[in-house]
Amino acid sequence: MDLDQVSKEAQQAINKCRDLSELEETARHYLGKKGVVTTAFSQLTKLSLSQKKSEGKKLNQVQAIIADQVKQKEKDFKENLFQSQSESKIDISRPGKKIKLGHLHPLTKVVREVEDIFQLIGFSVVEGPELETEYYNFDALNIPADHPARDIWDTFWIKKSKPKQKKNLLRTHTSPNQARYLEKNQPPLRIIVPGMCYRHEATDRTHGFQFMQIEGLMVDEQVSLANFKAVVERFSQMFFGPDAEIRIIPDYFPFTEPSVEVSMRNKAGEWLEIMGAGLVHPNVFKAVGYPPYQWQGFAFGVGVERLAMIKYGLDDVRQLYQGDLRLIQQF
Amino acid sequence: MIFDYAWLQSFFKKKLPTPQKLADLLTNHGFETQSMGSDLDASIPPSRARDCLSHLGLAREISAILNYRLNYSVAQKSLKPGKFDFQVSVIDPEQCPRYYLSFWSDVKVGNGPTEIADRLRKAGQRPINASVDLVNYIMLETGQPVHAFDADLIKGSIEVRPSRSGEIFISLENKRYRLPKDLLVIADQAGPLALAGVKGGKRAEVTQSTKNILIEAANFDYRTVRRTVRSLDLRTEASWRFENGLDPSWVDLAQRRIRDLGQSILKPDRIERVVDLYPHPSRDKNISFDLTWLRERLGIQITTKQTEKIFQKLGFGVQIVSNRKLRVRVPSWRIDVQAPEDLVEEVGRIYGYSQIKADPPRALLIPPKVNYQRLWQRLIKDFLVNFGLNETYQYSFLSERDLSLFGYDRELAIELSNPMSARYQFLRFSLLPNLLRAVGENAKRFNQVELFEMGRIFSTPDQEKLTLAGALIDPPAGSDKFYEIKGLIESLIRQLGITDAWFDGYQAQDYFGGSKTWHPNHRVEIKVGSAVVGFLGEIHPILADRLGFSESVFAFEIDLDQLLKFASEQQEYQPISPYPAVIRDLSVVIPQEESLERVIHLADLSGGNLVRDVDLIDVYQSDQLDKEKSLTLRIVYQSNEKNLSALEVGKLEQKIIKAFQQKGWHLRQSNNA
């Protein structure tokens, strides 16, 4: 084989290539597994040792030359390509493509944030049933049957299927979980209990017959109202921001003594009630079988819708249960 | 209750703060109050309705809050008993703990004095005549309802007794009531004169021509009064007060005070006591009170002196036992104060909660328990939101129509005995009815609606389950939606660390009995092991149409209580193999009704450990193949220990082919990639 000839032909072929794929093809024709040069190498075995040496050396040179030329040509092609690529233009002013985004419900966002804040200070999150017994919703909370205070909680009662069946109801607050948790656990303890509650009452902008509440309970040997104040102040600052202003005034709940109401000043300067709270009533401890006056505690119930109203400026709680995307997609 | 500012001022020598300031003070100390000009509208908490639905009651609170001296006194002398030719008796002292009746002879019932008429008007009452105005005034001042009868119109003896079924009572307003059995009435021989604690009757009404009157100041049990109120749906100023449980000692105050005022207004010739039936006088109680405990509960450093003063102003007696112990005498009319904790509230409330300095609790540093259920709930919601679904909350109620529309078993639904309306008669049995309705509403405004809800559903007996449901419309690309949801749920379940979930279309049971919910052939059961955890698929076209959809609707509903039992947080790292994977495709023709999932599963199983992944890359169905379908599987082989040779891969492939052939499936040509 005339290697000079091969080398010359190869150079011509390389020069004739019009693009990268033709170049690749040409390179393979000479340097590939079954290419001209490779084949020539395999034929060296037939020659004598000295011929092998001289032919082999020559062949190596040819191979190197061709490879070099391919490389050079490739570089030329790429430079041209990059040149034209970098000259191309797109309309960068066009808006980005819309990404499909889902949204969490604002009530979920509020509940999560409250859970997170309280977990930071050692409160565990627990849950309880919405379908509740009369005992846990009322009796265990120092609200016996016939107690005038039962009127505060307008209740949805479950129709009995058998006459002897116990009276069940939809919980009117998350407070039944105070008794439920105290029965099954030993103080010291700190919990919060988020969940849906129901009251049989006329609805308006700030009240729904279905709403979400978060119960809080801390029980320890020494717990004071000043402790509660510190916790609730800290909470409101973390939740609403450092300028949050709260007010604690007396209120009445049968299961706390003293009982207080915590209000929050909204943007319009009005006080909006966000929670009822107080020191756990000794009768609640008694109902769950604790020795009297051994443990102390504070409890509170936060209205999730109220928090959402203040935080996001929502003006009608009923909107929160309509699944309206125009509302949900804002969150 | 509406309070007249001037009336309140009359209890004090010192000037009261402005109505606005007074309202704020009352609000901060337990009585939410709004000022309206020279009136105050104070909402009296239920626990204080026994002693504060009166100007005197609120004035006493004001005296404690402001530390002002309360200026109020009533006649000290008891009334002499007279001789009368009629009897007065109370059948059941439990329903009427005290009955006090006085006789006023030769009264002049003209117009009441203007000062009293003015105050009544400001407190929201209409002046009528001297007698009526007087009793109303006494009630608004002391909180104790008082009633006047024309003594000459009463026939025979007076009895406080239960009503008899069918008895007729005609009220002052001439309204006729046919009474049921067992409502407490004041009656003479001719029948009921008044509904005890609720309403006076026409028959013995005091008018301008009345000569002699009987004035009743009585105490009726709150349960008795409530029964009358509910039974007749009749509420009055008097019943409102009795329903909150008045103390029998107020009777004394009221009858003394009415004498003070009545002398000059009605100008009676003489006043005599008829009866004071009071077999079990109420008593003050004593509570031993630990000042250290008080300070610990409130977290304040209050002095003994301050504490003593607060109690005294509230009308409590105080005896200092030692430097940390008080003996507090609580007047009988403060039934709400029973135990030391109630005294803590009294001190805290008057001291002012705004004065308490915040003090962070000191507690053992016990980290909160991780609530995995709650974590999974978060993970699921985030997952669905990341996929583009929007979260909703719906009402937890359904109508009877919903039950039949979706084909739920009525027997399994929990019914309310007092629903808001027929629309909310049952507890929801499934999240889908309300969710689909929300999708429908949104579909009027959006092309693509994808909603989900996580919430509780209910079924008899007393069952409550945490459930997840989603509903989607996305026209016009409806045909792929089924697989999109299937893939979504598959990935979701995998995210929960559950590896043995699968979809079963074979003889699917109706989830919670919703027999009309799903398209019979476009739905699958979601299973983990052998447990059914939910459903996904297309909503039945008939139901979709009934709900107003013109397009296909897809949905899923999963019993999370069940599913989350299988969830696992454990994620074990699988070492990445340094050896290359070999990918081979295999095409097989299978009977039309065969489950693709089973084919994939069989390939995975029969190939052994070295089969890393099996993906379905193509399903082909031609007209000629209408009893069969052809599918192409892409199978990935890989070892952690070595390069797999073509020969080794070939052997594994043969095993799979053999397994297919044993099922009677034949191969089409296989392409190696």
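Into which domains is chain B divided?

**Solution.** Chain B has domain 1 (2-66), domain 2 (88-277), domain 3 (285-355), domain 4 (372-563) and domain 5 (582-667). Domain bounds come from an automatic or database domain assignment. Taken over C-alpha atoms, the centres of domain 3 and domain 4 of chain B are separated by 57 Å.

This is a predicted model, in which local features need pLDDT of at least 70, side-chain atom pairs count only at pLDDT 80 or more, and totals for chains, interfaces and linings use all residues. Residues are numbered from 1 along each chain as its sequence is written, chains are lettered from A and ligands numbered from 1 in the order in which they are written, and side-chain values use heavy atoms, with hydrogens and water left out.

**Exercise 2.** Set the radius of gyration of chain A against that of a compact globule.

**Solution.** Start with the parts: chain A has 11 helices and 9 strands. Helices (H or I, at least four residues) and strands (E, at least two) are DSSP runs, numbered from the N terminus. The domain assignment of chain A gives domain 1 (3-87) and domain 2 (106-328), and 83 Å lie between their centres, taken over C-alpha atoms. Next, the radius: a compact globule of 331 residues would have a radius of gyration near 20 Å, whereas chain A has 40 Å. The radius is taken over C-alpha atoms, and the globule rule is 2.2 Å times the number of residues to the power 0.38. Last, along the principal axes the C-alpha atoms of chain A fill a box of roughly 115 × 50 × 50 Å.

**Exercise 3.** Describe the packing of helices α2 and α4 of chain B.

**Solution.** Two packed helices are described by the angle between their axes and the distance between the axes. For α2 (residues 19-28) and α4 (residues 55-66) of chain B, the angle is about 85° and the axes are 11 Å apart. Axes are lines fitted to C-alpha atoms, for helices over the stretch in contact, and angles run from 0 to 180 degrees between N-to-C directions. The angle therefore makes α2(B) roughly perpendicular to α4(B) (65 to 115 degrees; under 35 is roughly parallel, over 145 roughly antiparallel, the rest oblique). B:Leu22, B:Leu25 and B:Leu26 of α2(B) meet B:Leu58, B:Ile62, B:Ile65 and B:Leu66 of α4(B); contact means heavy atoms within 4.5 Å. These residues divide into 7 nonpolar, no polar and no charged. Ala, Val, Leu, Ile, Met, Phe, Trp, Tyr, Cys and Pro count as nonpolar, Asp, Glu, Lys and Arg as charged, and the others, Gly among them, as polar.

**Exercise 4.** Work out the strand order and edges of the open sheet of 4 strands in chain B.

**Solution.** The order is β6-β13-β5-β14, with antiparallel pairing. Two strands pair if DSSP finds at least two bridges between them. At the edges stand β6 (146-150) and β14 (271-277) of chain B, each with a single partner strand, so one side of each has no neighbour in the sheet. From one strand to the next the twist averages 20°. Inspect one pair: β5 (residues 98-104) and β13 (residues 213-219) of chain B are antiparallel over 7 bridges, and B:Tyr100 stands opposite B:Ala217 in β13(B). Finally, helix α9 (residues 249-266) of chain B lies across β5, β6, β13 and β14 of chain B, running at about 15° to β5(B).
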